[in-house]
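Colleague: Could you please guide a newcomer through the charged contacts of this protein?

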Amino acid sequence: MPYSLPTGGRLVALALSLAVTLGATGLTGAPASAATPAASAYGPQPPQNPFTAANGAATMHGDTASSGTTASPGPGTGAVDYSRTALASACPTVVVGGDGYVVALCTTIFGRTPTVHLLDPVTGADLASLALSKGSLFGGVYAYLDHEDRLVVVDGSQNLLRIGHHRSGDAWTLRIDQSTPLGDSVPSGDGIVGLTPDWDGRVWFATSGGVIGTADTGTGAVRSIRTGEGVQNSISTVPGRTAVATDHALYLLSAAPDGTPVVDWRAPYDRGPARKPGQLSWGTGTTPSFFGPGNGTEYVTIVDNADPHGNLLVYRADAGPDPICRIPVLTPYARSGTEDAVIATGRSVFVTNTYGYPYPALPEGAPASQPSSANFDGGLSRIDVNAQGTGCDVVWNSPVKSAALPRLSLADGKIYTVSVTGPTGSAGLNTFAQYHHSVIDPATGAQTASSFLGIGLVYNPLQMRGTAAPDGTLYQGTETGVVRISRRL
């Protein structure tokens, strides 16, 4: 199976026809001033995992709960400056450490080599890079930054790596500080899709073939179980609980004393009659997200693949497997679906429509979609769990056509994304489509600001999620590198 890249929902294969040499374009970025904290009904953030960097910048989805939120402000609704770091690579995972340095996990366009980059937090310049081994299926691209600012990732040889960045004088290097082989727990031909640590320091992982396991990188012990179902999304953890969505069901798990995964409950969902256009597998396109108004862990949610509209499913994490609500989302459109992880915080969930989104390629073995293609209409929905925790209601639907996974800042009360206008067919997205840094009001769904970034594949974010640094700078991975967006001073 050829190498594929992750978007917010799961792995996306990069098109092999990108045969251009790309140079940096755009304006020079300027450091952003801190946004004024906004009193907000959103939150709280989920608990800080003691084995990751700070919530909001530690994983693709911000934290190990996959909430899609950040405690940092974004660039705001005023004028922005931006610059592009051209890496000739698609960069789905961009994280920021406690030292302020930006670490990106990318895959080169030519050769499809997984590569880690260290970026300068002031200029966005590429300071150092490290190519990783690739296999028949390169896994672990849902990497995370640990509490020592090391990128934790699995290479193509199924080694669990901790990659640190080190400075000697003015020179930076990236090197493998620790390697733990996962051995026979990953069957031949299989590969790891997602990984995340729990509160005991074990690293949980899931493979595309349905293996769920834990690894103790101190002792080298690896324990696993097999579900017999495919996994195509990342996984999430909060204290004492791990959530994994297969292509048939949502699993909530805990760990036995020796680290062996234990299934606490399994909740089958409607996977629909077929894969939808704008999704990459037959089943949910969402990573499970924990959220709640008390401590940020009471509920866990996914979106199913029902036809014609996907349903938001919300479960009580300590009760399952019966959902407290099953509600159709993105219903202004004839059909809808999502390949994106949701934003989930407090009692609110925000869902992005990717139905019809023309990814440049599909993973090997992906079944034909029904229909074979569709218009990409975009749109977002907000759904709230009621105060009693017994049901859900749609609050608003927004027509914003998001080409990236949105992120909600709990500091300034704004949703940040990259929107797209113009032609959005498979050719249009990489030629004449126009991409904009966009701000959305989470209370109403209205777009409150839009700043033009650029045209075509250089700025195509491929439904990947941006990451906000503590100073308000937003780093957005694209099909060809990383765009750095900051408030204009």
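**Salt bridges**

Modeller: Arg382 and Asp384 form a salt bridge, with their closest N and O atoms 2.7 Å apart; the term denotes a side-chain nitrogen of Lys or Arg within 4 Å of a carboxyl oxygen of Asp or Glu. This is a predicted model, in which local features need pLDDT of at least 70, side-chain atom pairs count only at pLDDT 80 or more, and totals for chains, interfaces and linings use all residues. Residues are numbered from 1 along each chain as its sequence is written, and side-chain values use heavy atoms, with hydrogens and water left out.

Colleague: Are Arg382 and Asp384 buried or exposed?

Modeller: Buried means under 20% relative accessible area, exposed over 50%, and partly exposed in between (1.4 Å probe, protein chains only). By that scale, both Arg382 and Asp384 are buried.

Colleague: Which residues are joined into one network by salt bridges that share partners?

Modeller: The structure holds 14 salt bridges. Those that share partners join into one network Asp146, Glu148, Arg150 and Arg162.

Colleague: How many residues apart in sequence are the parts that Arg223 and Asp258 tie together?

Modeller: Arg223 forms a salt bridge with Asp258, and their closest N and O atoms are 3.6 Å apart. Arg223 belongs to strand β16 (residues 222–226), while Asp258 sits in the loop between β19 (249–255) and β20 (261–268); strands are DSSP runs (E, at least two residues) numbered from the N terminus. The pair therefore ties together parts whose separation in sequence is 35 residues.

Colleague: What relative accessibility does Asp258 have?

Modeller: Asp258 counts as partly exposed because its relative accessibility is 45%.

Methods. Helices (H or I, at least four residues) and strands (E, at least two) are DSSP runs, numbered from the N terminus.
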